Amino acid sequence: MARFFWGLHLVFKPWQPPGYSAYLLFLLATMIFGQLAAQVNVLGKPGYIMTPNARWEQENQLALSFSYVPQAYAINHFMGAYHTENIYGVGVGLTDFMEVYLNITRVRARASDIGVGDRHLGFRFRLLAEEKHGVSAVLIVSAPIGTNQHLNHDALIVEKTAELSSTLRLRATLGYALPVIFVIPTKEGNRSLSLLLKSKKQENIRYLSGVFGGFSLDWNEKVGLSMEHDGHSVNAGVFVRPLPWLLLQGHTFEAKELGFSFSLSFPLSVPPKEMRADER
Amino acid sequence: MKGSYFCLVGVFYLGLSMGYGQVAKLSLEKAGFEQVHRMPADSGKLVIWEHRNFRNPHHSLLWADRKVGDSSVTGFIPLYMNRPMGVYDRQTLSFRPVTAGERAFFRKKNRLPTGYRWNFRVSPDFSARFGDRKTPFRSRTNLILDTRVYLLPGLSVQTGVLVPIQNNLGLWGTHWRLAPSHLHYFAIPLPHHFVGITAGTFFQDRYGVHFQYRYDDFDKRWRMGLETAYTGYYFIPGRKLYTDPLSDVILLLDVEYRLNKMDLTFRISGGQFIGRDRGVRGDLIRQFGGVDVGLFSAITVNGTSGGFQFAFPLFPGKIARGRRWELRTTEEFRWEYNYSHAAPIGRTFRIGMPKLSDQLRQYNSFFIGNQ
């Protein structure tokens with residue numbers, strides 16, 4: 001069992017072959033049988049490629065995600081430059097209207113200087129449910145903390161799904177992200193709660209600002225394709241769910257660069273193994 | 001021929017005298033239950049047991065229901081730290097407090113320490129620190145093998161060995177040493193009033209005394225408690241034990257409110273945290289069944305911080321079990337991440353066993369009925 005925690009440590013060691021952490025996550029996943037993994041964006045929030053959508057079904061599960069973003073479309077602007085980056089994400093549905101997400105970024109080229117960079121904490125709130133209101137709406141709020149706010153985004157998203165046939169489903173999303181970020185300067189010994197407003201442009205933050213949108217078409221939730229405009233570029237991708245708890249996605253950024261991601265999900269209310277083994 | 005006849009008769013009478021009850025008891029003991037006693041009740045029978053394998057008592061109740069077999073059993077009295085926690089109906093899982101008569105019955109039947117197995121527990125101890133410039137991800141992983149032995153009613157001792165596996169976080173060397181070890185006394189002096197006293201070495205390099213009191217009616221939404229500790233710093237360089245004098249005082253009061261629909265608990269605690277850090281801390285804890293996930297933020301004299309914590313039973317649980325011993329992974333692995341790491345903000349320390357607030361939360365009748 002120590003291997004799991006050991007594994008978490010190894011994930012960030014600089015000498016690893018690529019995909020090693022992915023392999024560890026896969027091992028972990030096979031130990032517990034998971035629930036349906038949702039299509040997620042590079043940060044691990046339900047979404048298309050770069051953009052989030054308003055899908056909501058992560059209650060009672062823990063979602064892990066990994067994504068590879070090529071240099072030209074990288075989000076983190078560390079020390080004045082963009083680099084090819086790997087983004088790890090963890091998400092958990094705390095209540096039926098709130099989810100919490102945590103990200104860390106690993107930039108292989110600068111791993112020895114900045115390591116995992118800063119942590120990013122975000123919340124997702126369900127405003128409207130499609131079954132009830134005909135359209136679903138979600139609010140994303142980034143925690144206004146930290147020294148690197150490259151992943152910060154505060155957005156409102158509306159979405160509509162349509163069943164084209166018994167097996168085909170279309171999902172269309174429109175969203176707006178604030179062109180500013182909120183920051184609470186957190187310094188040791190600083191107890192004043194001041195909230196600063198900073199322009200994303202001035203801070204060199206290029207992730208999600210202004211209007212964005214996307215759609216996806218899926219067959220039985222097993223295979224699908226998606227397309228989006230994230231405010232800067234048009235990206236398109238395909239995804240496949242070989243196992244209920246595993247979703248793999250490959251995509252292109254403006255048909256110029258390739259990226260990929262995958263997500264896993266685990267149930268949080270699973271009975272102990274001794275009980276499950278007895279049932280079989 | 002005659003011999004085998006007597007033999008058969010013998011087996012028959014033995015079977016009669018053992019009865020179904022004995023079979024049910026054996027079957028429960030085989031399934032990991034300890035201190036199993038049957039008790040006559042108004043309508044049928046109650047079964048008293050302690051089950052250390054599962055974190056969530058709901059799982060233990062379901063497991064007992066499946067394993068007890070005997071249909072005349074109408075309810076269970078789960079024990080925690082050798083104390084009866086309540087009576088849960090076998091069919092509906094509804095809760096009622098233990099009566100004085102039931103308590104007295106258990107006191108008479110309680111077998112110490114023979115009612116328990118030698119229970120060896122494997123648990124990892126993992127600390128990490130992010131964001132250091134030179135080594136951005138620092139961590140320390142130890143593996144602990146420990147055991148708990150019950151000495152007297154409610155009184156137990158926990159001790160074991162700590163095996164360092166990996167460490168780039170700090171000193172403490174790579175030698176095997178004494179795992180956090182303590183003497184623990186747990187009592188329920190009045191219904192709904194719980195007291196836990198722990199003395200020994202704790203996690204986060206603390207040693208000393210730790211006291212907990214809680215008022216918790218498992219049928220109610222409100223709970224409150226007091227946690228206080230008088231500790232000092234210790235470490236074990238080789239075969240010696242190095243201790244700083246006892247100097248640090250923790251004194252915390254807390255109130256919890258439970259939103260039953262979502263198994264969500266709001267918790268406000270305030271007072272003095274570790275390191276003379278005075279302030280308040282708010283927690284939001286969601287109980288998923290086996291797993292708890294929590295968010296918190298704290299405002300203290302040391303500053304403002306926040307973070308998250310989670311607790312889950314470590315896979316796979318039971319590793320091997322005999323009649324008198326068992327090897328298992330820990331029923332609760334708890335980890336807390338605090339955004340600030342320079343000065344402690346809103347922190348306490350782990351005592352080597354679940355704290356009363358976290359433990360009692362799981363006996364709540366709504367939590368057990370909700371699942």
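Two exercises on chain B of a predicted model follow, each with a worked solution.

**Exercise 1.** Find which strands of chain B pair with strand S16(B), and in what sense.

Solution.
1. Start with strand S14 of chain B, residues 222-235, and strand S16 of chain B, residues 248-259: they run antiparallel and are joined by ten bridges.
2. Locate one position in this pairing: B:Asp248 of S16(B) stands opposite B:Thr231.
3. Turn to strand S17 of chain B, residues 264-273, which pairs with S16(B) over nine bridges, again in the antiparallel sense.
4. Locate one position here as well: B:Val255 has B:Ile268 in S17(B) as its bridge partner.
5. Inspect the connection. S16(B) and S17(B) form a hairpin with four residues between the strands, and B:Asp263 in this hairpin has a positive phi near 55°.
6. Result: S16(B) pairs with S14(B) and with S17(B).

**Exercise 2.** Describe how domain 1 of chain B touches domain 2 of chain B: how many residues are in contact, and which classes do those of domain 1 belong to?

Solution.
1. Set the bounds: the domain assignment places domain 1 at 20-109 and domain 2 at 118-370 of chain B.
2. Take the centres over C-alpha atoms; for these two domains of chain B they are 27 Å apart.
3. Count residues with C-beta atoms within 7 Å across the boundary: 21 residues of domain 1 of chain B are in contact with 26 residues of domain 2 of chain B.
4. Assign the domain 1 side to elements: helix H2 of chain B, residues 57-68, supplies the largest share, three residues.
5. Sort that side by class: ten residues are nonpolar, seven polar and four charged.

Notes: Residues numbered from 1 in each chain as written. Chains lettered and ligands numbered in written order. Predicted model: local features only at pLDDT ≥ 70, side-chain atom pairs only at ≥ 80, totals over all residues. Pairing = 2+ DSSP bridges. Helix = DSSP H or I, 4+ residues; strand = E, 2+ residues; numbered from the N terminus. Domains from an automatic or database assignment. Contact = placed C-beta atoms within 7 Å. Nonpolar A, V, L, I, M, F, W, Y, C, P; charged D, E, K, R; others polar.
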